[in-house]
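Please open the structure in a viewer and keep the selection tool at hand. The tour below proceeds from one selection to the next and describes what is found at each stop.

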Amino acid sequence: MYNFDIYTIGVYASTEDSFFRKLIQNNIDTFCDIRQRRGVRGSQYSYVNSLYLQNKLKEIGINYIYAKELAPTNEIREKQHIEDALKGIQKKNRRELSIAFRRAYKDLILNDFDFTFLLYTLQRLSCKKVAFFCVEENPFACHRSLVATELHNKYNLKLRYL
């Protein structure tokens, strides 16, 4: 029914050049930002702060969509912070999401999210390749992998991690 592929992309451990090159080389035509806050502290990743990012994507011909409803709430994020602290892991070094985070995210976000509207919007834009974005380098340490897996499982969309 839906004729596009989904990708995920993070920003940590990239440069501005490598980040945008991945999008261009993979022919991404739509970028879906699913962060709670659309900014990153410090200058190292300033190219993914909202205004700069949107302007750059427009310049290279990629649609931008912000789906804040897919961002984890502070309550859900706290579950992961607790698990990271118990394991002595920094966010940028995390390899996977905790069971508590995954369960809460599914119960509080994915189960209630209107994927039909999002998919309709993507279809209306004539998308072929959509990248879901958050900051973590490893997709399995980020909620974007949960979103992408849900889309893959429910709608049989092809899935690839950048």
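Begin with the lining of the largest pocket, whose residues divide into 11 nonpolar, six polar and eight charged. The model is a predicted one, and the pocket in it holds about 630 Å³ of space. Its lining comprises 25 residues, and those closest to the centre are Y12, R77, K91, V135 and E136; select these five to place the pocket on the screen. Which helix gives the largest share of this lining? That helix is α3, with three residues.

**From the pocket to the cavity**

Keep Y12, K91 and E136 selected, and add K92, R94, R95, E137, N138 and A141. Together, these residues line the largest cavity. Its volume is about 50 Å³, and one cavity of 30 Å³ or more is counted in the model. What is the make-up of the cavity lining by class? Six of its residues are charged, two are nonpolar and one is polar. Y12, K91 and E136 thus appear both in the cavity lining and among the residues closest to the centre of the largest pocket. On the search for such spaces in general, rolling a probe the size of a water molecule over the atoms shows where empty space is left.

**Helices α3 and α4**

Next, select residues 74-87, which form helix α3, and residues 99-110, which form helix α4. The axes of α3 and α4 come within 8 Å and cross at roughly 170°. Because of this angle, α3 counts as roughly antiparallel to α4. To view the contact, display E75, I76, R77, K79 and Q80 on the α3 side, and A100, F101, A104, Y105, L108 and I109 on the α4 side. By class, seven residues of this contact are nonpolar, three are charged and one is polar. R77, displayed here in α3, is also one of the residues closest to the centre of the largest pocket.

**Helices α4 and α6**

Keep α4 in view and add helix α6, residues 143-155. How do the axes of these two helices lie? They come within 11 Å and cross at roughly 55°, which means that α4 is oblique to α6. The crossing is right-handed. In α4, the contact is made by F101, R102, Y105, K106 and L110, and in α6 by H143, L146, V147 and E150. Five of the contact residues are nonpolar, three are charged and one is polar. F101 and Y105 of α4 take part in this contact and also in the contact with α3.

**Helices α1 and α2**

For the last stop, select residues 16-25, helix α1, together with residues 50-59, helix α2. Their axes are 12 Å apart, and the helices pack at an angle of about 45°; α1 and α2 are therefore oblique to each other. α1 passes α2 in a right-handed crossing. Display E16, F19, F20 and L23 of α1, which meet Y52, L53, K56 and L57 of α2. This contact has six nonpolar and two charged residues, with no polar ones.

Key. Residues numbered from 1 in each chain as written. Predicted model: local features only at pLDDT ≥ 70, side-chain atom pairs only at ≥ 80, totals over all residues. Heavy atoms only, no water. 1 Å grid on protein atoms, 1.4 Å probe; cavity = no way out; pocket = protein on both sides within 12 Å on 5 of 7 lines; lining within 4 Å. Points joined across faces, edges and corners; volume = space filled by probe spheres on them. Nonpolar A, V, L, I, M, F, W, Y, C, P; charged D, E, K, R; others polar. Axes fitted to C-alpha atoms, helices over the stretch in contact; angles between N-to-C directions. Helix = DSSP H or I, 4+ residues; strand = E, 2+ residues; numbered from the N terminus. Parallel < 35°, antiparallel > 145°, perpendicular 65-115°, else oblique. Left-handed = near helix turned anticlockwise from the far one by under 90°. Contact = heavy atoms within 4.5 Å.
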